[in-house]
Structure formats: C-alpha cells, structure tokens
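Student: I should like to understand how terms such as "buried" or "stacked" are justified for a protein model. May we work through an example together?
Tutor: Certainly; please look at the sequence and structure first.

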Amino acid sequence: FISFALHCRSRRVGPEESDMRTLLLITTIVLLFGNGSALGVEVDKKIEAPGTPAQIWEIARDFCAIKAWHPLVADCKQTNEGDAVLRTLTATNGATIKERLVESDDRSYSYEIIESPLPVKNYNAKLWVEQSDRPNRTVIHWDAEFDANGASDDEAKKKINDILAVGLKGIKKIAVDKTERQNVEGQDTGN
C-alpha cells in the first residue's frame with residue numbers, strides 16, 4: 001500500500017487516472033478501518049485514592065471482593081471449573097453476570113464476561129493500580145473493551161462507563177474511610 005502511494009506521487013497522471021487512484025485509496029481505507037464498530041468500544045476509567053498501591057490493592061485484589069466495594073453488586077460467588085476461576089455476580093437489581101478470571105498479579109487482574117444481561121459481547125477488562133505522582137496516593141484504573149450487543153456503541157459505552165465509575169468510587173470510599181480511621185486512631189494515641 002505504501003509503495004503504491006509513493007508510486008502515484010512519483011509520476012504525473014491525468015485527471016481520469018488520478019480519480020481512479022483516489023477512489024482506490026478511499027476504498028482501501030474503508031475496507032481496512034470499516035465503520036469503527038468492528039474495532040470495539042473502549043472505556044478507560046481511573047480515580048486517585050489515598051494509600052499505597054499495596055494498601056489499595058488489598059481492598060480489591062480478591063476476585064470476589066467486588067461485593068464489598070461495588071455498590072451495584074449484592075453478592076459474588078467464586079467457583080473453579082478445571083483451571084478456570086469464575087465469579088457469578090448478583091446485582092442489586094437481581095441480574096446475574098458470570099465472569100472468568102483471565103490473569104492476575106500483585107497489582108492487577110484481567111477478566112472476561114461469559115454471560116450477562118448487559119448490552120455487550122466480547123467483553124474484556126482489567127482492574128489495576130499504580131503509584132500516583134503524589135505521595136501516598138494510588139491511581140486505580142479500570143479499563144474495558146467490548147462490542148455493543150443489542151444497543152448502540154454509545155449506549156453500551158455509557159452503561160459500562162457508569163458501572164466502572166461507581167465501582168472505582170466504591171474502592172476510593174473504602175480507602176478514604178480507612179485513612180480517616182487511621183488518622184483518628186493516631187490522634188487518639190497522641191501520634
């Protein structure tokens with residue numbers, strides 16, 4: 001493709017040949033990049049919270065800890081199917097979502113949705129933490145990529161964006177509450 005474009009620039013062409021080459025170039029671009037939907041929808045959320053990455057990850061690292069920090073999750077059941085670690089979430093509205101842990105380490109985990117009433121398919125996400133530029137602060141990231149299913153890209157993106165944002169606020173709230181308790185305890189002991 002690049003050599004074709006350079007070839008076109010290297011010699012003079014008449015208006016008819018130029019029009020054909022322009023049409024060919026536009027057709028190639030459309031075929032390569034499509035309408036955008038095939039590339040998937042991405043949602044990248046982050047929030048900063050007080051504490052070190054290890055302290056923040058302590059709140060979220062267990063695959064089923066989500067029930068303690070996500071206000072939309074009423075329950076979580078973790079099961080194993082062979083080597084696969086699965087969690088089944090029950091939302092506060094009664095809906096269930098089944099997810100599979102894909103990978104985890106000391107500051108992140110990645111997972112995919114297997115079954116869900118959400119307007120998405122091919123959903124993959126990663127929850128992770130990193131040190132902030134500010135002292136004793138951590139940036140919590142929750143990134144997802146998926147295809148819309150039964151809804152427009154914008155509708156699916158808004159739904160997932162809202163779910164991730166509420167979850168990140170839940171982790172931050174626990175971190176803030178824990179920091180405030182530690183500060184009060186430090187004052188009570190004269191430290």
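Tutor: Buried residues make up 33% of the 191 residues in this protein. Please keep in mind that the model is predicted.

Student: Which elements make up the secondary structure of the protein?
Tutor: The protein has 5 helices and 7 strands. Read from the N terminus, their order is α-α-β-α-α-β-β-β-β-β-β-α.

Student: How do you know that strand β2 and strand β3 pair?
Tutor: Two strands count as paired if there are at least two bridges between them. Strand β2, residues 73-81, and strand β3, residues 84-91, share 8 bridges in the antiparallel sense, so the criterion of at least two is met. One of these contacts has T79 with L86 of β3 as its bridge partner. In the hairpin of these strands, 2 residues lie between them, and G82 takes a positive phi near 65 degrees.

Student: What makes the link of C64 and C76 a disulfide?
Tutor: The cut-off is that the two cysteine sulfur atoms lie within 2.5 Å. Here the S to S distance is 1.9 Å, so the pair qualifies as a disulfide. The structure holds 1 disulfide. The pair links distant parts of the chain, 12 residues apart: C64 is in the loop between α3 (53-60) and α4 (66-69), and C76 is in strand β2. With -75 degrees about the S-S bond, the link is left-handed.

Student: Why is C64 called buried, and why is C76 called buried as well?
Tutor: Buried means under 20% relative accessible area. C64 has 7%, and therefore counts as buried. C76 has 4%, and therefore counts as buried too.

Student: Which kind of aromatic pair do Y111 and Y123 form?
Tutor: By the rule for ring pairs, the count comes to 7 aromatic pairs. Y111 and Y123 have ring centres 6.0 Å apart and planes at 40 degrees. Centres must lie within 6.5 Å, and planes neither under 30 degrees nor over 60 count as tilted; the pair of Y111 and Y123 is therefore tilted. It links distant parts of the chain, with Y111 in strand β5 and Y123 in strand β6 (residues 120-131), 12 residues apart. Both Y111 and Y123 are buried.

Student: What makes the pair of Y123 and F146 stacked?
Tutor: Their centres are 5.9 Å apart, with 20 degrees between the planes. Planes under 30 degrees apart count as stacked, so the term applies. This pair also links distant parts of the chain: Y123 lies in strand β6 and F146 in strand β7 (residues 137-148), 23 residues apart. F146 is buried, as is Y123. Both belong to one aromatic cluster, formed by W57, F63, Y109, Y111, Y123 and F146.

Student: Which residues lie nearest the centre of the largest pocket?
Tutor: They are L72, A91, I97, L118 and I163, from a lining of 24 residues. The elements that give two or more residues to this lining are β3, β4 (96-105), β5 (108-115) and α5 (153-188). Of these, α5 gives the most, with 5 residues. The volume of the largest pocket is about 400 Å³.

Student: How many residues of each class does the lining of the largest pocket have?
Tutor: The lining has 16 nonpolar, 4 polar and 4 charged residues.

Key. Residues are numbered from 1 along each chain as its sequence is written. This is a predicted model: local features need pLDDT of at least 70, side-chain atom pairs count only at pLDDT 80 or more; totals for chains, interfaces and linings use all residues. Side-chain values use heavy atoms; hydrogens and water are left out. Helices (H or I, at least four residues) and strands (E, at least two) are DSSP runs, numbered from the N terminus. Buried means under 20% relative accessible area, exposed over 50%, partly exposed in between (1.4 Å probe, protein chains only). On a 1 Å grid over the protein atoms alone, a cavity is a set of points where a 1.4 Å probe fits but cannot get out, and a pocket is an open set with protein on both sides within 12 Å along at least five of seven lines; lining residues have an atom within 4 Å of a point. Grid points are joined across faces, edges and corners, and a volume is the space filled by probe spheres set on the points. Ala, Val, Leu, Ile, Met, Phe, Trp, Tyr, Cys and Pro count as nonpolar, Asp, Glu, Lys and Arg as charged, and the others, Gly among them, as polar.
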